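New to this one? Here is a quick, informal tour of some side-chain contacts, grouped by topic.

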Amino acid sequence: MQFEETTGLSDQEFMTWLYETYAPLLWGTAKRYCRKQALREEIIQEGMLHLLACVPRLRGLQKDKLPGYLAVTVRNTTYNLLKKEARDQKLFVPLHAQDLPDDGPTLEEQMLHSEALDELFTICDQLRPIDRELLLRYYLDDWKTPQLADHFGYQPGSVRVRLSRARRQVKQRMLESG
C-alpha cells in the first residue's frame with residue numbers, strides 16, 4: 001500500500017501500516033543509538049506510542065518527510081529512555097554494595113554459646129591465678145604481649161609460652177568435659 005492510499009484507514013490501521021512499512025527504519029535507528037536489545041524493544045514501543053498521539057500530524061506530512069520524522073522520533077525516544085536508565089542506575093544500589101543486617105544467631109545458637117562460655121569460665125577458674133589473669137587480659141582486655149610482659153615482670157617470650165600452655169590446658173579440659 002502506498003502512502004497516498006492511507007487516507008481512508010482508521011488510526012489503528014494507519015499505525016499498523018506505518019509500522020509494517022517503516023519497521024526496518026525504526027529498528028535500524030534504535031540499533032544505531034542503543035546496543036541493548038531489550039531497551040531497543042522498549043524504544044520502539046515508546047516511539048510508537050508517541051507517534052500514535054501524532055497521527056493527524058503524520059497524515060499531513062509529505063511522503064518524503066515521513067521517514068525523517070519517524071527516525072527523529074525514534075532517536076529522541078532513545079535519548080529520553082537512555083537518560084532515564086542512567087538516572088535509574090544512579091539511584092540503584094546493588095545488594096553487594098550494602099552492609100545487609102545479619103539475622104543474628106538463633107535462640108538455640110545463643111544458648112549453646114552461653115553454655116560454652118559458662119564452661120570456659122569454669123575451666124579458667126580452675127587454672128593457676130597467673131595463667132587465668134594472662135588469658136583474661138590477653139583475650140578480654142586485648143593486651144598485647146609486651147604490655148603483659150611489663151605488667152607481670154616477664155620476658156615477652158615467657159608470656160607467649162605461658163599463654164600457649166594456658167590455652168592448651170583450657171582446650172584439653174574442654175575436650176574432656178565435652
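Let's start with a charged pair: arginine 137 and glutamate 133 join their side chains in a salt bridge, with N and O 2.9 Å apart. Both belong to helix α6 (residues 129-139), and because they are four residues apart there, about one helical turn separates them. Keep in mind that this is a predicted model.

**Salt bridges**

- Searching the whole structure turns up seven salt bridges.
- In the one within helix α6, both partners are partly exposed: arginine 137 has a relative accessible area of 21%, and glutamate 133 comes in at 31%.
- Another salt bridge ties aspartate 11 to arginine 59, at 3.3 Å from N to O. That pair links distant parts of the chain, with aspartate 11 in helix α1, arginine 59 in helix α3 (residues 55-60), and the two positions 48 residues apart.
- Aspartate 11 is partly exposed at 41% relative accessible area, and arginine 59 is partly exposed too, at 26%.
- Arginine 128 pairs up with aspartate 131, and their closest N and O atoms are 3.4 Å apart. Here the surroundings differ: arginine 128 is partly exposed, with a relative accessible area of 49%, whereas aspartate 131 is buried at 5%.
- That contact is part of something wider, since a network of salt bridges links Arg128, Asp131 and Arg162.

**Aromatic rings**

- There are four aromatic pairs in the structure. One of them is phenylalanine 14 with tryptophan 17, a tilted pair with ring centres 5.8 Å apart and 35° between the planes.
- These two residues sit three apart in helix α1 (residues 11-33), so about one helical turn lies between them. Phenylalanine 14 and tryptophan 17 are both buried.
- Tyrosine 33 and tyrosine 79 make an edge-to-face pair, because their planes stand at 75°, over the 60 degrees that this label needs. Their ring centres are 5.6 Å apart.
- This tyrosine pair bridges distant parts of the chain: tyrosine 33 belongs to helix α1 and tyrosine 79 to helix α4 (residues 66-91), 46 residues apart.
- Neither tyrosine is buried: tyrosine 33 is partly exposed at 29% relative accessible area, and tyrosine 79 is partly exposed at 39%.
- Phe14 and Trp17 also join Tyr22 in one aromatic cluster.

**Where charge meets ring**

- Which arginine lies over the face of phenylalanine 14? That's arginine 59, at 4.7 Å from the ring centre.
- So arginine 59 turns up twice in this tour, because it also has a carboxyl oxygen of aspartate 11 within the 4 Å that a salt bridge requires.

**A nonpolar patch on the surface**

- Four residues, Leu117, Phe121, Tyr139 and Leu140, make up a nonpolar surface patch, with about 400 Å² of accessible area together.
- Leucine 117 has its place in helix α5 (residues 107-125). Its relative accessible area is 33%, which makes leucine 117 partly exposed.

**Cysteines**

- How many disulfides are there? The count is zero.
- Are cysteine 54 and cysteine 124 buried or exposed? Cysteine 54 counts as buried, at 11% relative accessibility, and cysteine 124 is likewise buried, at 9%.

Note on methods: Residues are numbered from 1 along each chain as its sequence is written. This is a predicted model: local features need pLDDT of at least 70, side-chain atom pairs count only at pLDDT 80 or more; totals for chains, interfaces and linings use all residues. Side-chain values use heavy atoms; hydrogens and water are left out. Rings of Phe, Tyr and Trp (its six-membered ring) pair if their centres lie within 6.5 Å; planes under 30 degrees apart count as stacked, over 60 as edge-to-face and the rest as tilted. Buried means under 20% relative accessible area, exposed over 50%, partly exposed in between (1.4 Å probe, protein chains only). A charge sits over a ring if NZ of Lys or CZ of Arg is within 6 Å of the ring centre and within 35 degrees of the ring normal. Patches are made of residues with over 30% relative accessible area and no salt bridge: like charges are joined within 9 Å, nonpolar side chains (Val, Leu, Ile, Met, Phe, Trp, Tyr) within 5 Å. Accessible areas come from the Shrake-Rupley method with a 1.4 Å probe; for residues, only the protein chains shown count as cover. A disulfide is a pair of cysteine sulfur atoms within 2.5 Å.
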